[in-house]
Amino acid sequence: MAILRQRLNSLGPSLVTGPEAAKRLGIEDCAAYPWRGYLLDSSRTFWPVDTIIDLLALLHRYHFTRLHWHLTDNSGWRIPVKGYPRVAEVASSRRRMDFDEYTNVDRDRLAMYQHEWSGKDNSGCYTAQDIQRVLEVAEGYGIEVMPEVDLPGHAEAIIFAYPELGNPEIAAGTARLGDLVAGKPLRNNLLWPSSEAFEFVDAVVDSVCDLFPASVIHIGGDECDMEFWNGSTYAREWMKDHGVRDGAGIQKAFTDVARRRLNERGRSCAVWDEAVATELRENDVVCAWREHQGVDVARKSGNPWVFYDADYLYLNREPFEGFTEALGMEPPVPVDRILDLQFPTDPQMVGVNVSLWCEFIPVVEDATRLLFPRILAAAARAYWGNSVSRDDLEPLVYEEWGRLSA
């Protein structure tokens, strides 16, 4: 696994970020944003530690400063939680999902993916020693690791291990998976408001803080199917008893529990932009991912925020229409779109983050096919901000890609 690191070291300095790029561009070497991040999705695909260390070498070369490590989702829970042994025994022991509900992929190619990968083993849980190894390498590269535990949605894996944390009506058999709720098929993918679930959130935050020294911990907050809470007799009774009006209030309750525990541990939180509706605190960091609205929501929040916009920086989207080398989502994000990107001028914007979600990326080779050369363009744009034109960046990006692919 050290081959990639050796190759990167043999190439000399990066041509798209840092001093050599500044020399080529005839400008001062000064990064535009302190937060230049990459999201690693270890829930949908459990990546071995050696692979993550290879990734860190790549991020270091292109002057990324943060690894956003997405560790929990419907597909698997990847870190231990004190007092909850079935997290490692059950919630992390999963088979690959078929993602048949996804509408942003070509259906024929999705069927091919499902035939090859759906149901294959995708188990794995990082031990404290695994995490420490990643942290030590990251620290040596000057990269801060921000873990993400996605709450209170995207929780199927943990509910599979601890059904009492999910919908009690499903557990009791009075509601069934797939029942239509406000026109949406019912899933058991939300933590349900209860003392047991709030205690679990406390335990999760404590465990994450024990495992990771990061000053900012990401607690998710995206894509909560609030219709399921709103359509539940049990949840409506809880709302009535606790003076909560709707599902957004339930999400706020979970966010408040996690945030309070983080603050007690001397940490602050990051959230996806949907969670702005839960009444943020002034030091919460907003990750603006939703195309057409996330940036506006983040800017209006008044909080520090990071540009994650899916229309520009989700590299799990295909690089062009008709791309067949790996299964990418739609619509495409071509290199030109990234090179032409102009960031909002907002003093509260603290950074830029590239994401590679791994629902359809089961192997490193597919990740590589989707990342390059777009990650070079994204790294350059994140480093230089709006100060360098596309015409000046483009030849450096392709020269660098030529060196890498030679």
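Which residues point one way from strand 2, and which the other way? Arg66, His68 and His70 take one side, Leu67 and Trp69 take the other, and all are buried. Keep in mind that this is a predicted model. Here's a quick tour of strand 2 and its partners, then the largest pocket.

**Strand 2 itself**
- Strand 2 covers residues 66–70 and is mostly covered, with 5 of its 5 residues buried.
- That goes for both sides: His68 is buried while pointing one way, and Trp69 is buried while pointing the other.

**Pairing with strand 1**
- Strand 1 (residues 35–41) runs parallel to strand 2, and 5 bridges join the two.
- One spot to look up is leucine 39, whose bridge partner in strand 2 is histidine 68.
- Helix 3 (residues 49–61) joins in here: together with strand 1 and strand 2 it makes a β-α-β unit, and that unit is right-handed.

**Pairing with strand 5**
- Strand 2 also pairs with strand 5 (residues 144–151), again in the parallel sense, over 5 bridges.
- Here tryptophan 69 sits opposite proline 147 of strand 5.

**The largest pocket**
- Rolling a water-sized probe over the atoms is a way to see where empty space is left.
- The largest pocket comes out at a volume of about 890 Å³.
- It is lined by 31 residues, and those closest to its centre are Arg44, Tyr102, His154, Glu223 and Glu359.
- Sorted by class, the lining of the largest pocket holds 12 nonpolar, 7 polar and 12 charged residues.

Notes:
Residues numbered from 1 in each chain as written. Predicted model: local features only at pLDDT ≥ 70, side-chain atom pairs only at ≥ 80, totals over all residues. Heavy atoms only, no water. Buried < 20%, exposed > 50% of the residue type's maximum accessible area, 1.4 Å probe, protein only. Helix = DSSP H or I, 4+ residues; strand = E, 2+ residues; numbered from the N terminus. Pairing = 2+ DSSP bridges. Right-handed = clockwise from strand over helix to strand, strands pointing away. 1 Å grid on protein atoms, 1.4 Å probe; cavity = no way out; pocket = protein on both sides within 12 Å on 5 of 7 lines; lining within 4 Å. Points joined across faces, edges and corners; volume = space filled by probe spheres on them. Nonpolar A, V, L, I, M, F, W, Y, C, P; charged D, E, K, R; others polar.
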